[in-house]
Amino acid sequence: MRVLLTGAAGFIGFHTARRLIERGDEVVGFDVVNSYYDPSLKEARLALLAKAAMTAQGDWRFIRADLTDGAVVRKAFETRFDRVIHLAAQAGVRHSLTHPHDYISSNIVAFLNILEACRDQKTPHLTYASTSSVYGANLKMPFSEHEGVDHPLQLYAATKRSNELMAHAYSHLFRLPTTALRFFTVYGPWGRPDMALFLFTKSILAGKPIDVFNNGKHSRDFTYIDDIVEGVIRASDQIAEPNPAWDAMNPDPASSNAPYRIFNIGNNSPVALLDYITAIEEATGKKATIRFKPLQAGDVPDTYADVSSLIEAVDYKPATPVCEGVRKFVEWYRTYYSE
Ligand SMILES: NC(=O)c1ccc[n+]([C@@H]2O[C@H](COP(=O)([O-])OP(=O)(O)OC[C@H]3O[C@@H](n4cnc5c(N)ncnc54)[C@H](O)[C@@H]3O)[C@@H](O)[C@H]2O)c1
């Protein structure tokens, strides 16, 4: 298959691209390689993708450009794609409190450009990243795609929820098959430097204290990167279809009479933040010095994914235990940074 993969220099995009190349797909990566975090990490990921393409069956081409530039996106779509997997975005909950405009340009304007290009090209299936953050103020656990999500707690979540609504309009109007994937706290080797696992590991190894918010009373459905990639590829392979049982009098938010669907991808097994830190201590062999802090603005206390819809549709459930995933991350971190 010929696949356009946006955000290919990013954490999840890199792992997804590598898997697609390894299975023999023709992958066109697209990323602006911005400096939201250390771009040298992104360059290192891109170098590995180029190397993977030399030995694997698949093909790899990379477009270094900004998705907010409609003309560049249209040009990229002069190639016909069998699948579009859109993972590029301005990620990060906390950054959205200080840099709101980045989220409107990279999450809303860029997504519109992708939708328009898919519409013009009649792309067979668009799969895109959403987030557990859309559950916002909801407290009913586990979080289900069949519940309403209209109370985002920050602009990041609001832009991702907007993507789901924009996608529905295109699925309805132009019969563009779309699948939203709500990722739950993804972690693993090559992970993001702004996320807890990276920050904690770096500080613990350096003997520095770590800041733990909400006085440690957080739990997260931490999901290992390989499990996310498996879910992304299975969902992308299977084209979204209208739900014949969808009832306009009692509308299910996760499906439609248009070719539109939403899936959670999470571990379905929330872990207390302090237990996650214990896993890092075990993997590093060092004790953490914890500075407890209050809840940060925009953070949700707990996340927990209901993955029954994902299992039913693509016969897959993430399952990597946190101790194993954290160990693999720490191994990678130590090697990469020559600790
Ligand atoms: N990592 C997680 O825990 C998590 C959780 C929920 C949702 N997500 C979503 O998954 C997707 C991938 O996340 P990630 O963790 O790999 O993030 P990442 O920041 O590592 O990757 C995103 C990539 O998108 C690129 N990008 C940003 N704006 C762009 C633009 N305007 N044009 C072209 N490229 C642009 C960046 O350069 C970056 O390489 C994102 O949509 C994110 O919101 C991630």
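Reader: In which helix is Leu155 found?
Author: This is a predicted model: local features need pLDDT of at least 70, side-chain atom pairs count only at pLDDT 80 or more, and totals for chains, interfaces and linings use all residues. Residues are numbered from 1 along each chain as its sequence is written, and side-chain values use heavy atoms, with hydrogens and water left out. Helices (H or I, at least four residues) and strands (E, at least two) are DSSP runs numbered from the N terminus. The helix that holds Leu155 spans residues 155–174 and is α6.

Reader: What does Leu155 count as, at 31% relative accessibility?
Author: Buried means under 20% relative accessible area, exposed means over 50%, and partly exposed lies in between (1.4 Å probe, protein chains only). Leu155 has 31%, so it counts as partly exposed.

Reader: What is the area of the nonpolar surface patch made by Ile104, Val109 and Leu155?
Author: Patch residues have over 30% relative accessible area and no salt bridge; like charges are joined within 9 Å, and nonpolar side chains (Val, Leu, Ile, Met, Phe, Trp, Tyr) within 5 Å. Areas come from the Shrake-Rupley method with a 1.4 Å probe, and for residues only the protein chains shown count as cover. The patch of Ile104, Val109 and Leu155 has an area of about 200 Å².

Reader: How many residues surround the ligand?
Author: A residue is near a molecule or strand if one of its heavy atoms lies within 4 Å of it. The closest to the ligand are Asp31, Tyr37, Tyr156, Lys160 and Val186, and the number of residues around the ligand is 29.

Reader: What percentage of the accessible area that the ligand has on its own does the protein cover?
Author: Oxygen atoms of the ligand lie 2.6 Å from an N or O atom in the side chain of Asp31 and 2.7 Å from one in the side chain of Lys160. A ligand oxygen is also 2.8 Å from a polar backbone atom of Val186. On its own the ligand has 820 Å² of accessible area, and the part covered by the protein is 97%.

Reader: From which element does the largest share of the shell around the ligand come?
Author: Two or more shell residues come from each of α1 (11–22), β5 (126–131) and α6. The largest share is 3 residues, and the element that gives them is β5.

Reader: Which residue forms a salt bridge with Arg23 from helix α8?
Author: A salt bridge is a side-chain nitrogen of Lys or Arg within 4 Å of a carboxyl oxygen of Asp or Glu. Arg23, in the loop between α1 and β2 (26–31), meets a partner in helix α8 (residues 225–237), 214 residues apart. The closest N and O atoms of this pair are 2.9 Å apart, and the partner is Asp237.

Reader: Asp25 also meets Arg23 in a salt bridge; is Asp25 buried or exposed?
Author: The N to O distance between Arg23 and Asp25 is 2.9 Å. Arg23 has 37% relative accessibility and therefore counts as partly exposed. Asp25 has 5%, so it counts as buried.

Reader: With the side chain of which residue does the side chain of Thr320 make a polar contact?
Author: A polar contact is a pair of N or O atoms within 3.5 Å; within protein, one must be able to donate a hydrogen and the other to accept it, and residues adjacent in sequence count only if both atoms are side-chain atoms. Thr320 lies in the loop between α10 (308–314) and α11 (322–336). Its relative accessible area is 11%, so Thr320 is buried. At 2.8 Å, the side chain that Thr320 contacts is that of Asp227.
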